[in-house]
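Open the model in your viewer and set it to cartoon. This tour goes from the whole chain to single residues, one selection at a time.

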Amino acid sequence: MKRRELILSTIAIGSGLAGCTSTEDDMPQMTSTTSLSNSVCDKLNNQAEINKQSENVITINGTIGYVDEGLVLDSSLYGPSEEQSIICRIYTGEPKNEENTVACSGGVEYTTEIRYENMELSELIVLHDTEKESLVVSTFDL
């Protein structure tokens with residue numbers, strides 16, 4: 001009798017816990033891709049504008065200054081914080097291939113697309129990070 005009670009209680013506890021587990025599909029996910037739009041060698045100002053394309057897609061169009069020729073432009077995401085903020089870092093690095101390579105020293109116009117799922121976002125902070133400077137360019141409420 002005790003064996004049957006043990007089995008039933010194990011099944012009941014296991015079933016209760018099964019409802020608490022989450023699948024990989026439920027986990028928050030973020031990705032970003034950056035592409036060069038244009039090298040503007042004489043333009044050194046930093047700026048960024050966002051456009052919320054859909055519920056889960058944000059596009060950043062911007063210009064990053066003080067970029068050295070031959071480097072590549074890329075992006076990474078950090079967060080979300082407890083306040084539902086994320087940071088998008090647009091940065092320069094050493095080239096791995098010819099894609100996104102800066103043609104001349106100066107400024108570069110870029111487009112970054114951010115895709116996210118299973119999370120609420122309230123703020124996007126855009127950070128430009130080059131060898132010469134690192135600065136917060138814009139903060140956007142979403």
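## The whole chain

Of the 142 residues of this protein, 34% count as buried. Keep in mind that this is a predicted model. Now colour by secondary structure. The protein has one helix and eight strands. Along the sequence the pattern reads α-β-β-β-β-β-β-β-β.

Switch on the surface. Its accessible area comes to about 8,800 Å², and carbon and sulfur atoms hold 49% of that. Then show contacts. Among those with a separation of 6 or more, 69% link residues 24 or more positions apart.

## First stop: the sheet 1-6-3-2

Select strands 1, 6, 3 and 2. They form an open sheet of four strands in the order 1-6-3-2, with antiparallel pairing. Which strands stand at the edges? They are strand 1 (29-40) and strand 2 (47-54). Each has a single partner strand, so one side of each is left without a neighbour in the sheet. Neighbouring strands here are turned by 20° against each other on average, direction ignored.

Next, narrow the selection to strand 3 (residues 57-67) and strand 6 (residues 106-117). These two run antiparallel, and nine bridges join them. Pick out Val57. What is its bridge partner in strand 6? The partner is Arg115.

## Second stop: the sheet 4-5-7-8

Hide that selection and bring up strands 4, 5, 7 and 8. This is an open sheet of four strands in the order 4-5-7-8, and the pairing is mixed. Its edge strands are strand 4 (72-78) and strand 8 (134-141), each pairing on one side only. From one strand to the next, the twist averages 20°.

Zoom in on strand 7 (residues 123-129) and strand 8. Seven bridges join the two, which run antiparallel. Label Val126 in this view. Opposite Val126 stands Ser138 in strand 8.

## Last stop: a loop residue

Select Ser81. You will find Ser81 in the loop between strand 4 and strand 5 (85-93). Is Ser81 buried, exposed or partly exposed? Its relative accessibility is 32%. Buried would need under 20%, and exposed over 50%. Ser81 therefore counts as partly exposed.

Finish with a distance. Pick the C-alpha atoms of Ser81 and Leu121. The two residues are 40 apart along the chain, and these atoms are separated by 9.3 Å.

Methods: Residues numbered from 1 in each chain as written. Predicted model: local features only at pLDDT ≥ 70, side-chain atom pairs only at ≥ 80, totals over all residues. Heavy atoms only, no water. Buried < 20%, exposed > 50% of the residue type's maximum accessible area, 1.4 Å probe, protein only. Contact = heavy atoms within 4.5 Å. Areas by Shrake-Rupley, 256 points an atom, 1.4 Å probe, with all protein chains shown as cover. Pairing = 2+ DSSP bridges. Axes fitted to C-alpha atoms, helices over the stretch in contact; angles between N-to-C directions.
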